[in-house]
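User: I would like to go through this model term by term, and to hear for each label what it rests on.

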Amino acid sequence: MIPQEALDRNLALMNVIQPLGSILDKMTDVGTAPISEEVLRFKARAWTNRIKEVRDTIYSDPRIGTRFNLNSNPQCKSVLYGKLRFPEVKRYDAANRKETVTVNQYAINLLYYNTKDPLLRSWGLLQRLRHRKSNFVDKLLLYKPCPKCTDKSRWACDHCAGSGYGEILGPNPRYVSIRNGWWWLHPVYLQLAVTGRLNCLDPNLLQWPRNSVTWNIDCRDIFVAPPGKSFVLTDRSKAERLVGAVIFNDPIMLAEVMSGSKAFSGLAQDCFGLTEAECRKGTDWYTAMKTSAYSDQYFVQAQTLHEYLMKQDIHLPLAECKRVLSFLADRYAAYKANAEQFVWEKLRMPRPHTRNLHGRLFRFEMPIELSEMEFRTVKYTRNAKARAAFAEMCRKIVSFVIQGSATGDDCQLTALKIVDELDQIT
């Protein structure tokens with residue numbers, strides 16, 4: 001039986017949720033992202049040719065001496081760690097509780113920065129080109145079938161590069177519609193993300209990659225504004241810093257957030273000993289400090305930060321990642337202390353849960369490693385499992401409270417504005 005109190009609370013919530021649900025349905029049906037047919041077709045052709053060139057560069061390396069399947073992880077491992085004898089890069093597999101050898105983007109970047117081998121640079125470019133073409137171009141287009149494609153669910157295979165097949169037939173109706181001569185993208189919007197924010201998938205506009213100065217593989221220029229309209233770009237990232245500084249009472253973090261664009265460049269100057277020009281917005285040092293600051297805010301460990309940065313083509317050695325996080329922990333000592341105390345109090349509740357500032361509730365369990373411990377001993381214990389368990393609970397709880405509070409209502413108001421514009425366009 002459902003308690004009457006819970007039933008009444010959920011029925012009251014439905015009165016708030018249902019109106020927004022119809023708005024999200026309309027956003028999905030009408031299409032909210034106009035895209036350029038010309039740019040999309042150009043990228044499909046240009047990136048196909050570029051992929052073929054990079055693949056030929058890899059195959060022509062005299063140390064390899066033969067062609068192999070670059071889509072096969074076992075074959076890539078045998079070439080990288082067998083023929084070329086690069087040191088194996090391992091990553092912990094949480095599902096199987098063991099370390100496995102990997103050839104993913106992080107591994108290729110790490111090997112390049114350790115060896116400066118130009119072959120690895122080409123390999124890294126190939127990974128990015130294939131990923132972006134597959135997820136942000138090919139998915140939106142229909143191609144002429146290729147007889148060598150064994151997987152019919154794919155729109156194109158690597159054989160299509162440079163062959164007579166792979167001709168673009170038009171937009172993929174699953175994702176794109178044509179209205180008044182314009183191509184419109186139809187992502188699926190989800191209302192109830194865990195933190196209370198709106199979510200998006202199929203395709204996920206929230207994960208659309210920005211341009212990289214190093215690789216120059218831009219995806220966001222696919223989007224265009226219809227005649228008489230323009231895109232308005234806003235950066236909401238500092239909202240999370242602001243909310244975190246207020247909730248966990250850190251005046252230093254609050255003052256930096258209120259300083260505007262110098263919030264992260266100033267940090268980079270202090271941490272890395274650089275000039276203002278070297279760490280202005282858009283530079284690798286600025287990006288490294290911004291990523292590090294959010295990693296510290298959400299209790300991310302040094303190894304994970306190292307991998308985050310490597311995927312952005314920024315090499316910050318693991319020892320340096322530890323130093324940066326230590327620098328930030330000292331700088332925001334009030335934030336860390338108050339956040340850890342907040343998390344510990346939540347863990348000690350009879351039925352552990354927390355809420356963000358908009359009232360959304362998140363339930364969790366007390367990790368067994370912490371059940372017999374006191375707060376004062378957790379931070380200084382030699383029990384590595386207990387320290388890791390507490391850091392993970394800090395990451396989950398703090399990120400839920402901050403992210404849901406910083407962006408929950410704002411996303412819903414944005415949805416109302418978008419639908420108002422759609423009504424005018426259609």
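User: How many helices and strands does the protein chain have, and what makes a stretch count as a helix or a strand?

Analyst: The secondary structure of the protein chain comes to 14 helices and 11 strands. Helices are DSSP runs of H or I with at least four residues, strands are runs of E with at least two, and both are numbered from the N terminus. This is a predicted model, in which local features need pLDDT of at least 70 and side-chain atom pairs count only at pLDDT 80 or more, while totals for chains, interfaces and linings use all residues. Residues are numbered from 1 along each chain as its sequence is written, and side-chain values use heavy atoms, with hydrogens and water left out.

User: Why is Ala406 called buried?

Analyst: Buried means under 20% relative accessible area, exposed means over 50%, and partly exposed lies in between (1.4 Å probe, protein chains only). Ala406 has 15% relative accessibility, so it counts as buried. This residue is found in helix α14, and it touches Ala239, Glu240 and Val243, not counting residues up to four places away in sequence; contact here means heavy atoms within 4.5 Å. Ala406 and Arg241 are 165 residues apart in sequence, yet their C-alpha atoms are 8.8 Å apart in space.

User: Why is Asp56 placed in the class between buried and exposed?

Analyst: The relative accessible area of Asp56 is 32%, and therefore Asp56 is partly exposed. Asp56 has its place in helix α2 (residues 37-59), and its C-alpha atom is separated by 9.0 Å from that of Arg67, which is 11 residues away along the chain.

User: How do you know how many disulfides there are, and are Cys279 and Cys321 buried or exposed?

Analyst: A disulfide is a pair of cysteine sulfur atoms within 2.5 Å, and a search of the whole structure finds 0 of them. Cys279 counts as buried because its relative accessibility is 0%, and Cys321 is likewise buried because its value is 0%.

User: What makes a set of residues a nonpolar core, and which residues touch the most other members of the largest one?

Analyst: A nonpolar core is a set of buried Ala, Val, Leu, Ile, Met, Phe, Trp, Tyr and Cys residues joined through side-chain atoms within 4.5 Å. The largest has 52 residues, of which Phe272, Met289, Val343, Leu347, Leu370, Phe390 and Val398 touch the most other members. Helix α14 (residues 384-425) supplies the largest share of this core, with 11 residues. A second, separate core of 50 residues includes Phe68, Tyr81, Leu125 and Trp183. In soluble globular proteins, nonpolar side chains tend to be buried together. As for Leu370, it touches Trp344, Leu347, Arg348, Val378, Ala386, Ala389 and Phe390, not counting residues up to four places away in sequence.

User: What makes β1 and β7 a pair, and what is the strand order of their sheet?

Analyst: Two strands pair if DSSP finds at least two bridges between them. β1 and β7 (residues 182-185) are joined over 3 bridges in the antiparallel sense, so they satisfy that requirement of at least two. Within this pair, Ala33 stands opposite Leu185 and Ile35 stands opposite Trp183. β6 and β7 also pair in the antiparallel sense, over 4 bridges, and Val176 has Leu185 as its bridge partner in β7. The open sheet of 3 strands has the order β1-β7-β6.

User: Why are β1 and β6 called edge strands?

Analyst: β1 (33-35) and β6 (176-179) each pair on one side only, which is why they are the edge strands. The hairpin of β6 and β7 has 2 residues between the strands, and Asn180 there takes a positive phi near 55°.

User: What is the phi of Asp202, and what makes the peptide bond that follows it, to Pro203, stand out?

Analyst: Asp202 has a positive phi of about 60° although it is not a glycine, and the peptide bond from Asp202 to Pro203 is cis, with omega near -5°. Most residues other than glycine have a negative phi, and most peptide bonds are trans. Asp202 lies in the loop between β9 and α6, and because its relative accessibility is 27%, it counts as partly exposed.

User: Why is Asn249 classed as it is for accessibility?

Analyst: Asn249 has 55% relative accessibility and therefore counts as exposed. Asn249 lies in the loop between α6 and α7 (251-257), with a positive phi of about 50° although it is not a glycine.
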